[in-house]
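Here is a short set of exercises to work through with the sequence and the coordinates open side by side. Try each task yourself before you read its solution.

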Amino acid sequence: MRCFIFATHGYLSDAFVYSIEMILGQQENMHSIKMNPNTSTESIKEQLQNIVAQQKSDTEYVVLTDILGGSITNLMAEWMTKENIHVLTGTNLPVAIELISNNEDISLKQLVHKSIYQGKEGIVYVNEVVERQEQERMEF
């Protein structure tokens, strides 16, 4: 089984969980950890331990964070001491949806790479897309 943990600054992690469940339906394998200005590192570690305590011993964990080098990402990176823990940063909704909707079909490493690709492909400058479409219509 796989467990997905969103760990971000502020309420972004809650928003990811809410948005994914709006699109994919309720998910039992998603959790949210948020770091606010008054959140201690001990509190973050405690939240993480509580999530892990609810899982089976063979669970694979995917931790999705917001900013490389950010305090919450650094805390999650400290937890990468086992092979079953994977941390991704720079998370966006296409990455998260790809991970969660396809989470048992392929190896986790393949899934992570596929999801990162989807996330990058999902970043589009819409103005240029519309401009290209208009140019193509004018050429016909």
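**Exercise 1.** Is lysine 45 buried, partly exposed or exposed?

*Solution.* Keep in mind that this is a predicted model. The step needs two cut-offs: buried means under 20% relative accessible area, and exposed means over 50%. Lysine 45 has a relative accessible area of 34%, so lysine 45 is partly exposed.

**Exercise 2.** Find the salt-bridge partner of lysine 45 and say where the two residues sit.

*Solution.* Start with the distance criterion: a side-chain nitrogen of Lys or Arg has to be within 4 Å of a carboxyl oxygen of Asp or Glu. The side chain of lysine 45 satisfies this with glutamate 78, at 3.9 Å from N to O. Next, place the two residues: lysine 45 belongs to helix H2 (residues 41-53) and glutamate 78 to helix H3 (residues 71-78). With their positions 33 residues apart in sequence, the pair links distant parts of the chain.

**Exercise 3.** Describe how H2 and H3 pack: which residues meet, and at what angle do the axes cross?

*Solution.* Begin with the axes, which come within 11 Å and cross at roughly 50°. H2 and H3 are therefore oblique to each other. The crossing is right-handed. Now list the contacts: H2 contributes Thr41, Ile44, Lys45 and Leu48, while H3 contributes Ile72, Leu75, Met76 and Glu78. Sorted by class, these residues are five nonpolar, one polar and two charged.

**Exercise 4.** Take leucine 48 and work out its surroundings: which residues does leucine 48 touch?

*Solution.* Leucine 48 lies in helix H2. With 6% relative accessibility, leucine 48 counts as buried. Leaving out residues up to four places away in sequence, leucine 48 touches Ile5, Ile33, Met76 and Trp79. For a further check, take the C-alpha atoms of leucine 48 and alanine 7: they are 9.5 Å apart in space, although the residues are 41 apart in sequence.

**Exercise 5.** How many salt bridges does the rule give, and which elements does the pair of glutamate 60 and arginine 2 tie together?

*Solution.* The count comes to four salt bridges. One of them joins the side chains of glutamate 60 and arginine 2, at 3.0 Å from N to O. Glutamate 60 is in strand S3 (residues 60-65) and arginine 2 in strand S1 (residues 2-9), so the pair ties together parts that are 58 residues apart in sequence. Then look at accessibility: glutamate 60 is partly exposed at 26%, whereas arginine 2 is buried at 5%. As a reminder of the principle, side chains of opposite charge can pair when their charged atoms come close.

**Exercise 6.** Work through the contact between H4 and H5: what is the crossing angle, and which residues make the contact?

*Solution.* The axes of H4 and H5 come within 7 Å and cross at roughly 150°. The cut-off for roughly antiparallel is over 145 degrees, and H4 and H5 are therefore roughly antiparallel to each other. H4 passes H5 in a right-handed crossing. On the H4 side the contact is made by Pro94, Val95, Glu98 and Leu99, and on the H5 side by Leu111, Val112, Lys114, Ser115, Ile116, Gln118 and Gly119. By class these are six nonpolar, three polar and two charged residues.

Now check for a salt bridge here. Lysine 114 forms one with glutamate 98, with the closest N and O atoms 3.2 Å apart. Lysine 114 is in helix H5 (residues 108-121) and glutamate 98 in helix H4 (residues 93-101), 16 residues apart. Lysine 114 is partly exposed at 41%, while glutamate 98 is buried at 11%.

**Exercise 7.** Which residues of H1 and H4 meet, and how do they divide by class?

*Solution.* The axes of helix H1 (residues 12-24) and H4 come within 11 Å and cross at roughly 60°, and the two helices are therefore oblique to each other. Phe16, Ser19, Ile20, Ile23 and Leu24 of H1 meet Leu93, Ala96, Ile97, Ile100 and Ser101 of H4. The contact has eight nonpolar, two polar and no charged residues.

Technical notes
Residues are numbered from 1 along each chain as its sequence is written. This is a predicted model: local features need pLDDT of at least 70, side-chain atom pairs count only at pLDDT 80 or more; totals for chains, interfaces and linings use all residues. Side-chain values use heavy atoms; hydrogens and water are left out. Helices (H or I, at least four residues) and strands (E, at least two) are DSSP runs, numbered from the N terminus. Buried means under 20% relative accessible area, exposed over 50%, partly exposed in between (1.4 Å probe, protein chains only). Axes are lines fitted to C-alpha atoms, for helices over the stretch in contact, and angles run from 0 to 180 degrees between N-to-C directions. Angles under 35 degrees count as roughly parallel, over 145 as roughly antiparallel, 65 to 115 as roughly perpendicular and the rest as oblique. A crossing is left-handed if the near helix is turned anticlockwise from the far one by less than a right angle, and right-handed if clockwise. Contact means heavy atoms within 4.5 Å. Ala, Val, Leu, Ile, Met, Phe, Trp, Tyr, Cys and Pro count as nonpolar, Asp, Glu, Lys and Arg as charged, and the others, Gly among them, as polar.
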